[in-house]
Each structure stands twice: as C-alpha cells, then as structure tokens.
Amino acid sequence: MTTKGGCLDGRVAIVTGAASGIGRATARRFADEGAHVVALDLKAPEAPAGGLGIACDVADQASVESAVAQAKERFGKIDVLAHFAGITKDALASKMTLQQWDDVIRVNLTGSFIVAQAVAREMEDGGSIVLTSSRSWLGNIGQANYSASKGGVVSLARTLALELGKRRIRVNALAPGFIETPMTDVVPDRVRDKAVSAIPLGRIGQPEEIAAVATFFASDESSYVSGQTLLIDGGRSVGVGLV
Ligand SMILES: NC(=O)c1ccc[n+]([C@@H]2O[C@H](COP(=O)([O-])OP(=O)(O)OC[C@H]3O[C@@H](n4cnc5c(N)ncnc54)[C@H](O)[C@@H]3O)[C@@H](O)[C@H]2O)c1
C-alpha cells in the first residue's frame, strides 16, 4: 500500500454517506491524510484515489455485510468507520405519519447499528468508530423522528464504547449543528436566519469543519477518547437560553 504521510497513513477507512455533504468532505480529508477510503452510498460514490466506491443501503443488513466483505477482501483489514448516511423527514409530531417516523429511525438509528455491528466484527483491534448524531438530539421542533434517532446514536456510541473497549476499539459520535450541505439546502431562509442569529460564531458550518473533527476521532490524536459525543455547532448549545 502507498502512504502519504498523514495522520491516517495506511489506514483503511469505511465512510458511509460518502456521495454528498459531510461524508464526501470526510472521504476526501481521510484520503488526504493517507487513508484508503471505502466510500459507501446508495449509488456507488466516486472514491478518492487509492480507494473503492460501493453501492450500499445502510438500512439493509445484507447490503452492508456485502460492502464490508468487499472492503476487507480488497484491502485486507478495516481500521476506521466514519458513518454519515442519514435522512430527514420533518413534520410536527402532531402531524408526523408513522411512515415518516419509521423511515428516519430505520436509516439513522437502525442503520447506525447495522453498520457499526458489521464493521466491528471485521475491524482490527485498536480501530476507531465514528458515528453521526446531531445537535438535534437535544430536541428540535419538527424533528421528533430525527431527534429521537440521533439521541439513540448517542446511546449506541456509549454502549459500543463499553463493549468494544476490550478490543481497544474506540467509539465516538459527532453532533453537528447547522452545516451547509444538500440536507440543509431545503431549510427556508427565515429558519436559517433565525438559526444563524443563535450561533455565537455568527455563521453556519462547512462540511470540512465536521470532517476535521471526524479525522481527530478516527486518528490516534484521540487515542484516549471513547464514548463521547462532541457538539460541533459554533457554540450554539452553550449558555442558558441558547440551547
Ligand atoms: N447538514 C447538517 O446540518 C447536519 C447537522 C447534524 C447532523 N447531520 C448529519 O450528518 C450526516 C450527513 O449529513 P449531510 O448534511 O452531509 O447530508 P447529505 O444529504 O448531503 O448526505 C447524506 C448522504 O447519505 C446518503 N444516504 C441516505 N440514506 C442512505 C442509505 N439508506 N444508505 C446509504 N446512504 C444513504 C445519501 O445518499 C447522501 O449521499 C447525516 O447523518 C446527518 O443527519 C447533518
């Protein structure tokens, strides 16, 4: 394997949701840091140089197990999982259909379990798993399904950290605030403006700023950090009245 001299030199990293937004930015950053990236998304994404792109539905156990097997066969090991695949189907709880609830829980929460379980079984001891929660796990109007799914991810990361610690596998979660991606393109301007006014740093975040934290969790730079969820929200959750 070729190496490039970054903090993920020679590591094999599976990145889900890699066709868009935060996942795509992280796939690129991991490759820049020397990783061989296995990029997963519903349609096979373009993988960074030296990587592999595979079509995979994270809500489908057989699809995920097949993708993980292909990654292992191609690169011989798996060191890192960065799991970003996710969806929103927003509605006030009073109007939310059971289908909207089920779809979001299935992809965001059950998908996180399916992917983490399948990868952990094949992962090298000492590996790192990075899941994706959201600031919405604290609660967000119109997102009962999404908030509950992302709260579940926090608990999942904590439990996996306990269970996988004996293999020196670390498990952490990212909790981004408002990040500029196709997922948030649909947010109306008045909602966006209100959100920005509540962010101490005065702007929404960029996918690369989440990729930077994912790189920290994935690499040995965070070698004594496990079971944590980090809010990456420009300070929005700090201070009474801003949460
Ligand atoms: N953008 C934000 O403000 C924000 C904030 C907090 C958390 N997040 C979380 O970050 C993650 C990435 O979000 P993003 O903003 O980059 O969104 P995005 O819509 O740009 O990218 C999500 C990707 O996930 C893929 N995906 C969806 N369902 C899938 C499935 N079943 N199987 C495989 N792939 C699937 C999509 O095809 C897409 O490429 C998500 O988990 C999201 O909930 C985003």
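Two residues count as in contact if their C-beta atoms, placed from the backbone, lie within 7 Å. With that in hand, here are the close-ups; the model is a predicted one.

**View 1. Helix α1 laid over the sheet.** α1 (21-32) lies across four strands here: β1 (12-16), β2 (36-41), β4 and β6 (170-176). Against β1, the helix runs at about 165 degrees. Angles over 145 degrees count as roughly antiparallel.

**View 2. The sheet itself.** Seven strands make up an open sheet, and the pairing is parallel. Read across, the order goes β3-β2-β1-β4-β5-β6-β7. The edges belong to β3 (52-55) and β7 (229-232), each of which pairs on one side only. On average, and ignoring direction, neighbouring strands are turned by 15 degrees against each other.

**View 3. Zooming in on β4 and β5.** β4 (residues 80-83) and β5 (residues 128-132) are joined by three bridges in the parallel sense. To find your way around, start at Ala-82: its bridge partner in β5 is Val-130.

**View 4. What sits around the ligand.** A shell of 28 residues surrounds the ligand, and the closest are Gly-17, Ser-20, Gly-21, Gly-86 and Thr-181. Three elements give two or more residues to this shell, namely α1 (21-32), α3 (98-122) and α5 (182-185). Sorted by class, the shell has 15 nonpolar residues, 11 polar ones and just two charged.

**View 5. α1 against α7.** Here α1 meets helix α7 (residues 207-218), with axes that come within 8 Å and cross at roughly 55 degrees. That angle makes the pair oblique, and the crossing is right-handed. On the α1 side, the contact is made by Gly-21, Ile-22, Ala-25, Thr-26, Arg-29 and Phe-30. Facing them from α7 are Pro-207, Glu-208, Ile-210, Ala-211, Ala-214, Thr-215 and Ala-218. Eight of the contact residues are nonpolar, three are polar and two are charged. Gly-21 turns up twice in these legends: it belongs to this contact and is also listed among the residues closest to the ligand.

**View 6. α3 alongside α4.** The axes of α3 and helix α4 (residues 144-164) come within 9 Å and cross at roughly 15 degrees. The two helices are therefore roughly parallel, and α3 passes α4 in a right-handed crossing. From α3, the residues that take part include Trp-101, Val-104, Ile-105, Leu-109, Phe-113 and Ala-116. Their counterparts in α4 include Tyr-146, Ala-148, Val-153, Leu-156, Leu-160 and Leu-164. Polar side chains join in too, among them Gln-100 and Asn-108 of α3 and Asn-145 of α4. The tally for this contact is 13 nonpolar, six polar and one charged.

**View 7. α2 on α3.** Helix α2 (residues 61-75) packs on α3 at an angle of about 30 degrees, with the axes 9 Å apart. That makes α2 roughly parallel to α3, and this crossing, too, is right-handed. α2 brings Gln-61, Val-64, Glu-65, Val-68 and Lys-72 to the contact. α3 answers with Ile-114, Val-115, Ala-118, Val-119 and Glu-122. By class, the residues in this contact divide into six nonpolar, one polar and three charged.

How values were computed:
Residues are numbered from 1 along each chain as its sequence is written. This is a predicted model: local features need pLDDT of at least 70, side-chain atom pairs count only at pLDDT 80 or more; totals for chains, interfaces and linings use all residues. A residue is near a molecule or strand if its C-beta atom, placed from the backbone, lies within 6 Å of it. Axes are lines fitted to C-alpha atoms, for helices over the stretch in contact, and angles run from 0 to 180 degrees between N-to-C directions. Angles under 35 degrees count as roughly parallel, over 145 as roughly antiparallel, 65 to 115 as roughly perpendicular and the rest as oblique. A crossing is left-handed if the near helix is turned anticlockwise from the far one by less than a right angle, and right-handed if clockwise. Two strands pair if DSSP finds at least two bridges between them.
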